[in-house]
Amino acid sequence: MLGAIRRRWDAYKYRFVPWLALNLRRKRRTLRYVPESSQDKIISDEDVFETLLKLFKALFINDLSRQEHILSLLPEVKCKYLGLLTEQKPSKLNFCDHQGQDVFSPEEVLVDALGFSITRDQSSLVSAGTGVFVTKGFVPKGTVVAMYPGTVYRKHEPIFFQSLGNPFIFRCIDGVLIDGNDKGLSRSVYRSCSRRDQLGPFQMSDESWLTAAPQNPLAVGQYVNNCSHEKAANVCYQEFDVPEYFPVELKQYLPNIVYSHDIESLLRCVVLVTLRDIKQGEELFSNYYTVIN
């Protein structure tokens, strides 16, 4: 009994903020320091936007045969993507079959678009549970390598019951919270909010990260483990507010949704950006605790 409790604690403590706070002094290597919140960005918002746009366009084109309900309402958008297909060099990712099925998996599209793929697997840290690994390709320093999915809560919004026993609550610098749990009440809340915001055939968010096969292959960032003395951080979290001009047909790949529909504000996303070059086979490690001077 005690052994089972100990194993559960060992797997959970890296996500438990009070434990991290009490271990600040003797675990200084596992902290990330930034001089002020305005400088807590490794790359520009424009770079984040362009990376997401590149991947989402590739996913959309790969799934073009199942996007007819959207394209029929947006003739200009349809012309744009058909134009992209004709302009691109012949590629295995430029063609979809006629049965409405993806010819290539999202992971293959990710490799083709950004040069790498990632997946969830057993962490190399003892008792750390699931981790995230680079399975193919090479990830240069300063690259968006994952996204933190989940429901976005403002400071005043109710999250108490969702947070009970939940190791996947991410707190942004300004107090915004993202619930990245794909099980239980958190799962139900996300699905409810996502379907509430759907506009006819237009999905404003991606529900597939709640499953074992996300259509956005970057949406596994909640499983990235905290660094240790032996495993230094190779990625960091960076907040990104999705601009109003983000293409409506590509919002179906955004793995975040706001809890309150009636609040006029930009959608908050959190991406993970590499701090160094990362090779195939390496596990991703982040700093769960950022100290702002």
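Colleague: Before we go through this model feature by feature, I should like to begin with a single pair of residues: which residue of strand S11 stands opposite Val144?

Modeller: Val273 is the residue of S11 that stands opposite Val144, and please keep in mind throughout that this is a predicted model. To read such a pair, one looks at the two strands around it, and here strand S4 (residues 144–148) and S11 pair in the antiparallel sense over 4 bridges.

Colleague: Which other strand pairs with S11, and over how many bridges?

Modeller: Strand S9 pairs with S11 (residues 267–274), again in the antiparallel sense, and over 8 bridges. Within S11, Cys269 has Phe240 standing opposite. For orientation, the chain as a whole has 8 helices and 13 strands.

Colleague: How should I read burial in these strands, and are the residues of S11 buried or exposed?

Modeller: The label "buried" is given to a residue with under 20% relative accessible area, and one then counts such residues along the strand. In S11, 8 of the 8 residues are buried, so this strand is largely enclosed by the rest of the structure. Its two faces are both covered, with Leu267, Cys269, Val271 and Val273 buried on one side and Arg268, Val270, Leu272 and Thr274 buried on the other. Strand S9 (residues 235–242) is also largely enclosed by the rest of the structure, because 7 of its 8 residues are buried. Over the whole chain of 293 residues, 50% count as buried.

Colleague: Burial can be read in a loop as well, I suppose; where does Asn216 lie, and is Asn216 buried or exposed?

Modeller: Asn216 lies in the loop between helix H8 (184–196) and strand S8 (225–226), and with a relative accessibility of 0% this residue counts as buried. Having found a buried polar side chain, one may look for its partners, and a polar atom of the Asn216 side chain lies 3.0 Å from the backbone nitrogen of Leu218. If residues up to four places away in sequence are set aside, Asn216 touches several others, among them Leu55, Phe56, Met147, Asp206, Ser208 and Tyr253.

Colleague: Ser208 appears in that list, so to speak as a neighbour to examine; which side chain makes a polar contact with the side chain of Ser208?

Modeller: The side chain of Asp206 makes that polar contact, at 2.6 Å. Ser208 is in the loop between H8 and S8, and its relative accessible area of 16% makes it buried. Beyond its neighbours within four places in sequence, Ser208 is in contact with Ala213, Pro214, Gln215 and Asn216. Sequence separation and distance in space can also be read together: Ser208 and Arg191 are 17 residues apart in sequence, and their C-alpha atoms are 9.8 Å apart.

Colleague: Turning to empty space, how many residues line the second largest pocket?

Modeller: Rolling a probe the size of a water molecule over the atoms shows where empty space is left. In this model, the second largest pocket holds about 530 Å³ of space and is lined by 17 residues, with Lys251, Val258, Ser265, Leu266 and Leu267 lying nearest its centre. Strand S10 (residues 256–258) supplies the largest share of that lining, namely 3 residues. Leu267, one of the residues nearest the pocket centre, is also among the buried residues of S11.

How values were computed:
Residues are numbered from 1 along each chain as its sequence is written. This is a predicted model: local features need pLDDT of at least 70, side-chain atom pairs count only at pLDDT 80 or more; totals for chains, interfaces and linings use all residues. Side-chain values use heavy atoms; hydrogens and water are left out. Buried means under 20% relative accessible area, exposed over 50%, partly exposed in between (1.4 Å probe, protein chains only). Two strands pair if DSSP finds at least two bridges between them. A polar contact is a pair of N or O atoms within 3.5 Å; within protein, one must be able to donate a hydrogen and the other to accept it, and residues adjacent in sequence count only if both atoms are side-chain atoms. Contact means heavy atoms within 4.5 Å. On a 1 Å grid over the protein atoms alone, a cavity is a set of points where a 1.4 Å probe fits but cannot get out, and a pocket is an open set with protein on both sides within 12 Å along at least five of seven lines; lining residues have an atom within 4 Å of a point. Grid points are joined across faces, edges and corners, and a volume is the space filled by probe spheres set on the points.
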